[in-house]
Amino acid sequence: MFCEKAVELIRELHRMSEGQLPAFNEDGVRQVLQEMESLYEQNQSDVNEAKSEARADLIPSIKLRHCCLLRNQRCVTAYLYDRLLRIRALRWEYGSVLPANVRLHMCADEVRCLKDHGEFEVDDGTVVLLKRNSQHFLPRWKCEQLIRQGVLEHVVS
């Protein structure tokens, strides 16, 4: 049925207590995005058919799917925003070094700097100073090139 996976993401967050960070549900988010893509494609097809063949009977189903798209969008945004707030609270509580049980639920990888590299800017504008033997939580796709160059390495817990 429509929007079930998106609502499940929200329920998952409500089941956790306030100070806990659930594991990032990448599979659930991916399923919601796939559902949104499918709904969008169905709407495009029906809109084109309604325009070309003057089929007014398709308009209610187009509106329903559009509402489902908007609901899925709101649910995924709420899921990600709630995780952001929880991570921010954990950072304030623990500082830059998070406990291992919290790090398991983060989607960024931990990397260790093998040699002095200087400043590295992340997409959100945060500047990270990459010094020899320092460790950072960075998105893998963002630091992939530095890993290939030998500046960074993955830290396996």
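Along the sequence, the chain of this predicted model runs in the order α-α-α-α-β-β-β-β-α-β, which gives 5 helices and 5 strands. The radius of gyration is 21 Å, well over the 15 Å that the globule rule gives for 157 residues, so the chain is more spread out than a compact globule. Its C-alpha trace covers about 65 × 40 × 25 Å along the principal axes. Of the 157 residues, 31% are buried, and the surface exposed by the chain comes to about 10600 Å², with 53% of it supplied by carbon and sulfur atoms.

A good place to begin looking inside is the largest nonpolar core, a group of 13 residues in which Leu9, Val32 and Tyr79 have the most contacts. At least two residues of this core come from each of α1 (4–15), α2 (26–53) and α3 (59–94), and α3 gives the largest share, with 5 residues. Beyond its neighbours within four places in sequence, Tyr79 touches Leu9, Ile10, Glu12, Leu13, Ala23, Phe24, Asn25 and Val29. A second core, separate from this one, holds 12 residues, among them Phe120, Val122, Val128 and Cys143.

Helix α2 deserves a closer look. Its 28 residues reach 40 Å from the first C-alpha to the last, close to the 40 Å expected at 1.5 Å a residue. Buried along α2 are Gly28, Val29, Val32, Glu35, Met36, Leu39, Asn43, Asp46 and Ala50, and the buried residues of this helix pack against α1 and α3. Just after α2 comes Ala54, with a positive phi of about 50°.

Conventions. Residues numbered from 1 in each chain as written. Predicted model: local features only at pLDDT ≥ 70, side-chain atom pairs only at ≥ 80, totals over all residues. Heavy atoms only, no water. Core = buried A, V, L, I, M, F, W, Y, C linked by side-chain atoms within 4.5 Å. Buried < 20%, exposed > 50% of the residue type's maximum accessible area, 1.4 Å probe, protein only. Helix = DSSP H or I, 4+ residues; strand = E, 2+ residues; numbered from the N terminus. Contact = heavy atoms within 4.5 Å. Expected span 1.5 Å × (residues − 1). Rg over C-alpha atoms; globule rule 2.2 N^0.38 Å. Areas by Shrake-Rupley, 256 points an atom, 1.4 Å probe, with all protein chains shown as cover.
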